[in-house]
Amino acid sequence: MPSKYVIHTETVLRRFQPLIQSGIIAWEEGCLKCPVCVKKKCVYSVYDHRGLNARQMVESIDNECMNCLRCVQGCPNELIHKSINPEFAAMGDEHWTPNIIASLWAQSDSGKIPVSGAGYPGPFSGPGFDAIWTDMSEIVRPTRDGIHGREYISTAVDLGRTPAHLVFDAESGLLEDDSLLMNIPLPIILKVPAFGAISEKTLVGWAEAAKRLGTLFTVPEDMLKAIPADYGRWLFPSFSTASALEGLPDGCRMVELAFEDGLSEAIKRIKDFDPSILVSKKIPMVEGMADRAESLVASGVSIIHLEADFQGRRHDDPGTFLKDGIRSIHLKLVDAGTRDNVTLLASGGISMAEHVAKSIICGSDGVLVDFPMLIALECRMCRRCEKGLSCPVDIQDASAEWTAGRVINLVGAWHNQLLEVMGAMGIRDARRLRGEVGRAMFFDQLDRETFENMGAVVEECELE
Amino acid sequence: MALFYCQNVPESREADRQALEEACGETMALFPMPCSGRVEPVHLLRALEEFADAAYVITCPQGACRNFEGNSRAMKRMERTKSIIESIGLERERVGLIVCSKENPKSLAALAQEILEDISSLGPSPALGPVGGN
C-alpha cells in the first residue's frame, strides 16, 4: 500500500484587512442610553474593541461582524444599520464574483473549507460549470472514517500516453514499450496568471508550493530566469517560440510548446536532448479545436493543454464554456479510438474546487490553475496592475514563504473537496472519474429532455 | 487628499475610481463608503494624522439617502470635526463636505477636481510634519 498523499496546512495570516461584504452604520446621535445597550449584548464582542486601520479605512467591527443582525434588530431607536460595502460588490467580474474571491481568501488562510449554502435560496443552475450537478448518491454511505480514513481515495493522475497494448517476446516476457508516463499526486498543476503584480519572490513562492505539493508549475519562458535552478524538476516551462528552447531549465521533466511553426522539429530537438522529457502542446479554445486535437494525437503528441480565456470561455465565442470545449475534444478522441493515447489538460476560469472535479467529469485528465493562486495572495481582481496602478495589497512585496504557505493551504482545501466529491460519488480513483458523465447531470440536457416535447411557450399569454 | 464618498454619487463605480486614481496619481486616496453617514470624525482625523493634507466627504443629495438620514448625520459630524481641528490650530478648510446636487448632478471626478482646486491654497498640513518624516 503506498503512503497516503496528505497536504499539511497551517494558518497563514493575511497581510491586509480583507474587503468585507457589508458594513455597520451606527448612528451615535439619538441614543436612548438603554441600561444594557445592544452593542454590549453582541455575542461576538465586536463592539468591545473597535479599531480603525487608517491606511485602508477599514474598521474592526466590520471584519469581525458575523452578520447575525441582532444589534440591528435589537436597538429600540433603530440607530444601527447594515449596508452592502460597495468596494466588496465591485470586486472581480461576472465570473470571478466577490463571493468566489472571498471564499478563496478564506481557504488560503487556513486550508479549511468555508461552510456555504445554508439556507441557499437558489438559483440552482447557471452558466458554465454551474450547469453541471454532480452525483452525491453515495453520500449516504461514506467511507467508514471520513475522506482521510482507511479507505484510500487516490487523486493521482498520469501525464503522458498510456500503452495501447502490451507486447511480449517469445518467452512470454514483457517487452518494454516506449510510452512515457509521469505521475502527479493530484490533478492540479499551478500556472502563472495572465496579469498580476508578480515579482521574483511571488514566482519562487509558487515554485516552492509546487515542489511541496509534488505537482508542476507552468511558467512562461521570460519568467524562467527568476526561479532558482534547483526548482527545475517542478517546472513545466511554456515556450512561445522554438528559439526560446535554449532556456530549458535543468532537471525539467515536462515542457509545453505554444507555437505552431516548426513544432515537429522542436519536439524532435527536445527528445534528442533528453528522451525522458514529456512534451505538451497548448491549443487555444477556438473554433476547430477538436479537429486540431485529433490531428495532434495522430501525429504522436502525448499531452494536449486546452486553454480557454481567463473567464473560462472560448476565445472567439464567449457563449461557449470550458466544459463544452473539454467535452468536444474528449468525445472526438473517444470516437477516433485515441483517447488513451493522450493526456488532456484544461485551463482558464477554474475558480472553485468543484470546477476541478467537473472538468475531469467532462473529460480532462487534470487542470491548470492560475488566478486562484493570485487570489490566495489576497488579490482583489481589480486589474489595476494592468493599468500600471499600484496593487492595493502589494502582492509583489510578499515573501516567497508566505506565498507558498497560502497557495498550499488553498490547494489543500481544494484537494479535500475533491476527495469529498469523489467519496460522495463512490469513486476511489481520479483516473476513473475522467469522462464519467454517468456521475453527473447536465442542466441543458435535462431541460431539453423534460420540456422539448411540450411545445413552444407563447409569450405574453397570461394564465386565467 | 483623502476623499470619502457615498455610493450614490454619480459615476463613482470601481472603473470611475480607477480612472480618477490614474489621473490624480498619489495626490488622492479614495474611499468608497456604503453611506456617508458611516464617516465619523475619527475617520477624517486619522486620515489627517496619517497621510492627508485634507479630508473631504461627498454625500448624496438631501432627501436621497438610502439610509434615510445618513447624509444629514454626516453634516453634523463634519461640523464637529471642523471644531476639533480648529481647536488644535489647523484650518477648518482641511476637512469639508460636498453635497451632490439633484438638479445639477456632477460626476465623482468633477467634484474631486473642484475640491482639489479649492484646497490648493492650503499647502501641506503641519500635522504631518516636515516632508520625509512624520
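Two residues are taken to be in contact if their C-beta atoms, placed from the backbone, lie within 7 Å. The exercises below apply to a predicted model.

**Exercise 1. Determine which strands of chain A the helix α5(A) lies across, and place those strands in their sheet.**

Solution. Begin with the helix: α5 of chain A, residues 200–213, lies across β8, β9 (217–220) and β10 (235–239) of chain A, and its direction is at about 150° to that of β9(A). Next, turn to the sheet, in which eight strands of chain A close into a barrel in the order β8-β9-β10-β11-β12-β13-β16-β17, with parallel pairing. Neighbouring strands of this sheet are turned by 25° against each other on average, direction ignored. Finally, examine the pairing of β8 with β17: strand β8 (residues 188–191) and strand β17 (residues 366–369), both of chain A, pair in the parallel sense over three bridges, and Leu190(A) stands opposite Val369(A) in β17(A).

**Exercise 2. Describe how α5(A) crosses α11(A), and name the residues through which the two helices meet.**

Solution. The first step is the geometry, since two packed helices are described by the angle between their axes and the distance between the axes. The axes of α5(A) and of α11 (residues 400–425) of chain A come within 7 Å and cross at roughly 45°. Because that angle is neither under 35 degrees nor within the range from 65 to 115, α5(A) is classed as oblique to α11(A). The crossing of these two helices is right-handed. The second step is the contact itself, to which α5(A) brings Lys201(A), Thr202(A), Val204(A), Gly205(A), Trp206(A), Glu208(A), Ala209(A), Arg212(A) and Leu213(A), while α11(A) brings Ala400(A), Thr403(A), Ala404(A), Val407(A), Ile408(A) and Val411(A). By character, the residues of this contact divide into nine nonpolar, three polar and three charged.

**Exercise 3. Work out how α4(A) is oriented against α11(A), and give the make-up of their contact.**

Solution. Helix α4 of chain A, residues 98–110, packs against α11(A) at an angle of about 105°, with the axes 7 Å apart. Angles of 65 to 115 degrees count as roughly perpendicular, and α4(A) and α11(A) are therefore roughly perpendicular to each other. On the side of α4(A) the contact involves Leu104(A), Gln107(A), Ser108(A), Asp109(A) and Ser110(A), which meet Arg406(A), Asn409(A), Leu410(A) and Ala413(A) in α11(A). These residues divide into three nonpolar, four polar and two charged.

**Exercise 4. Identify the edge strands of the open sheet in chain B, and follow the pairing of β1(B) with β2(B).**

Solution. Four strands of chain B form an open sheet in the order β2-β1-β3-β4, and the pairing is parallel. The edges are held by β2 (29–33) and β4 (95–99) of chain B, each of which has a single partner strand, so one side of each is left without a neighbour in the sheet. Neighbouring strands are turned by 20° against each other on average, direction ignored. Strand β1(B), residues 2–6, pairs with β2(B) in the parallel sense over five bridges, and the bridge partner of Tyr5(B) in β2(B) is Pro32(B).

**Exercise 5. Characterise the side of chain A that touches chain B, and state the predictor's scores for the complex.**

Solution. The contact takes 19 residues from chain A and 21 residues from chain B. On the side of chain A, β1 (22–26), β4 (80–84) and α3 (86–89) each supply at least two residues, and the largest share, three residues, comes from β4(A). The residues of this side divide into 10 nonpolar, four polar and five charged. As for confidence, the predictor gives the complex an ipTM of 0.79 and a pTM of 0.89, while chain B averages a pLDDT of 87, with 96% of the residues scoring at least 70.

Conventions
Residues numbered from 1 in each chain as written. Chains lettered and ligands numbered in written order. Predicted model: local features only at pLDDT ≥ 70, side-chain atom pairs only at ≥ 80, totals over all residues. Pairing = 2+ DSSP bridges. Axes fitted to C-alpha atoms, helices over the stretch in contact; angles between N-to-C directions. Nonpolar A, V, L, I, M, F, W, Y, C, P; charged D, E, K, R; others polar. Parallel < 35°, antiparallel > 145°, perpendicular 65-115°, else oblique. Left-handed = near helix turned anticlockwise from the far one by under 90°. pLDDT = per-residue confidence, 0-100.
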